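I am opening a fresh notebook page for this structure. My plan is to look up a few things and write down what turns up.

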Amino acid sequence: MAPLDGLRVLDLTMWRPGPYATQLLAQLGADVIKVEPPGGEPMRMFRDHFDVLNRHKRSMVLDLKSADGRAALTRLAEDAEVFVEGFRPGVAERLGAGHETLRALNPRLVYCSISGYGADGPLSDVPGHDVNYRAYAAALPPDAVSPEADELPLADMAAATMAAFAITAACLKARATGVGDRIDLGMADVLAHWVGTVPEATARSGAGPVPGYGVYPTKDGRKITLGVVSEEKLWAATCHALGIGEHAAVPFAERLGRIGELDGAVTAAVAKLSQAEAIERLSAAGAPVAPLLSHAEMLDLDHFRQRGIQDRGPVRTTVHPPLGEGAVAGLDEHRGQTWRLTQ
């Protein structure tokens with residue numbers, strides 16, 4: 001049995017944030033019914049995206065603009081524990097699926113709304129996508145350029161993960177008290193909270209915050225990353241591996257005052273090596289090094305393959321493990337079904 005076996009989740013979300021949140025719940029055993037509009041969720045046209053976000057879920061088509069569709073949704077919501085929607089504020093209410101309506105029918109229901117800027121506030125009605133939320137939350141650098149198609153949608157994934165956490169917490173309380181909750185989650189809010197936990201950015205120097213922390217080009221046109229912070233042992237290992245042992249004994253406090261000089265020495269030493277040579281030398285010395293991988297290289301990495309990240313998700317538990325690789329439901333494959341019985 002997976003940790004969330006028996007948790008009933010009614011999923012009205014589309015594209016990425018909501019589907020990833022409910023995918024995380026499904027991977028941990030939740031019974032997720034994905035409600036799609038007539039014709040299916042638009043993301044079904046992009047199967048390489050859709051399939052990885054919708055495993056372990058059932059699919060049914062309901063036309064929420066019709067009385068029959070709304071009635072069917074209501075029947076499912078009456079016995080659900082979780083309801084997740086990703087409409088712009090006010091849309092769920094117009095479809096007869098607002099949190100006040102459904103929680104009046106099912107007081108134990110945990111109702112989660114995921115939107116760009118949250119359900120209220122001056123920006124609540126402003127349309128947007130990931131790049132807009134990052135901009136408002138100061139999660140883009142001043143010299144930001146337009147994102148590439150393969151860039152990680154940070155706001156989407158951060159909000160999805162936060163939603164899964166908040167839903168699980170609210171369900172614990174609902175099971176203990178018999179009273180559910182409404183979760184109002186703004187994607188920009190999550191990033192703004194994250195950004196608020198780090199120091200304000202200063203002028204860009206081209207070097208990392210301390211010597212030996214950053215991204216370093218190699219002679220073959222590739223890059224490595226180093227992660228030295230205050231640790232004297234890691235700094236010394238890095239210096240010896242790169243042939244700049246004369247700097248190995250410089251203490252942390254002094255390194256902070258010589259960032260440009262010392263990080264320049266690291267940069268110059270790495271630039272003389274290929275990526276493979278740099279990784280081999282630094283790894284052998286016990287330095288905190290990692291290659292900058294492409295998407296394909298990451299998927300092919302032995303570490304992630306052995307841990308089954310793509311099939312089993314990022315969560316590891318010992319007693320109640322997550323589900324393995326699961327099927328993706330065909331559109332409306334589970335028409336007329338209801339919740340699974342639990343033991």
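**Entry 1: a word before I start.** I count two residues as touching, or in contact, when heavy atoms of theirs lie within 4.5 Å. I also remind myself that this is a predicted model.

**Entry 2: around N54.** I began with one asparagine. Where is N54 found? I located N54 in the loop between α2 (47-53) and β3 (57-61). Is N54 buried or exposed? Its relative accessibility came out at 2%, so N54 counts as buried, the cut-off for buried being under 20%.

Next I listed its neighbours. Leaving aside residues up to four places away in sequence, N54 touches P19, Q23, K34, E41, A327 and V328. I also looked for a polar contact and found one of 3.1 Å between the side chains of N54 and K57.

**Entry 3: aromatic pairs.** How many aromatic pairs does a search of the whole structure find? The search gave me four. I took F83 and Y111 to begin with. Their ring centres are 4.8 Å apart and their planes stand at 20°, so I noted the pair as stacked; planes under 30 degrees apart earn that word.

I then asked which elements hold these two rings. F83 sits in strand β4 (residues 82-85) and Y111 in strand β5 (residues 110-115), so the pair ties together parts that are 28 residues apart in sequence. I checked burial too, and both F83 and Y111 are buried.

**Entry 4: the tyrosines.** Y117 and Y136 gave me an edge-to-face pair, with 5.6 Å from centre to centre and 90° between the planes. This pair links distant parts of the chain, 19 residues apart: Y117 is in the loop between β5 and α6 (130-136), and Y136 is in helix α6.

Which side of the burial cut-offs does each partner fall on, buried or exposed? Y117 has 8% relative accessibility, so Y117 counts as buried. Y136 reaches 54%, so Y136 counts as exposed. I closed the entry by writing down that Y117, Y133 and Y136 form one aromatic cluster.

**Entry 5: salt bridges.** I searched the whole structure again, this time for salt bridges, and 15 came up. I picked D31 and R340, whose closest N and O atoms are 2.9 Å apart. Why does this pair count as a tie between parts 309 residues apart in sequence? D31 belongs to strand β2 (residues 31-36) while R340 is in the segment after α15 (309-312), so the bridge ties those parts together. D31 is buried at 6% relative accessibility, whereas R340 is partly exposed with a relative accessible area of 45%.

My next pick was E297 with R222, a salt bridge of 2.8 Å from N to O. Here again distant parts of the chain are linked: E297 is in helix α13 (residues 295-299), R222 is in the loop between β7 (213-217) and β8 (223-227), and the two are 75 residues apart. I have E297 down as partly exposed at 28% relative accessibility, and R222 as partly exposed at 31%.

I also noted E254 and R258, with closest N and O atoms 2.7 Å apart. E254 is partly exposed at 36% relative accessibility, and R258 is partly exposed at 23%. Finally, I looked for bridges with shared partners and found D31, R58 and R340 joined into one network.

**Entry 6: helix α9.** Which residues of helix α9 (residues 232-242) are buried? My list reads W235, A236, A237, T238, C239, A241 and L242. I followed these buried residues to what they pack against: β8, α10 (252-256), α11 (259-270) and α12 (275-285). Just after α9 I came to G243, which takes a positive phi of about 75°.

**Entry 7: a patch on the surface.** My last stop was a nonpolar surface patch of about 430 Å², made by M14, W15, M45 and F46. I looked up F46 in particular. F46 lies in the loop between β2 and α2, and with a relative accessible area of 40% F46 is partly exposed.

Note on methods
Residues numbered from 1 in each chain as written. Predicted model: local features only at pLDDT ≥ 70, side-chain atom pairs only at ≥ 80, totals over all residues. Heavy atoms only, no water. Phe/Tyr/Trp six-rings, centres within 6.5 Å; stacked < 30°, edge-to-face > 60°. Helix = DSSP H or I, 4+ residues; strand = E, 2+ residues; numbered from the N terminus. Buried < 20%, exposed > 50% of the residue type's maximum accessible area, 1.4 Å probe, protein only. Salt bridge = Lys/Arg side-chain N within 4 Å of Asp/Glu carboxyl O. Polar contact = N/O pair within 3.5 Å; in protein donor to acceptor, adjacent residues only side chain to side chain. Patch = residues over 30% accessible without salt bridge, like charges linked within 9 Å, V, L, I, M, F, W, Y side chains within 5 Å. Areas by Shrake-Rupley, 256 points an atom, 1.4 Å probe, with all protein chains shown as cover.
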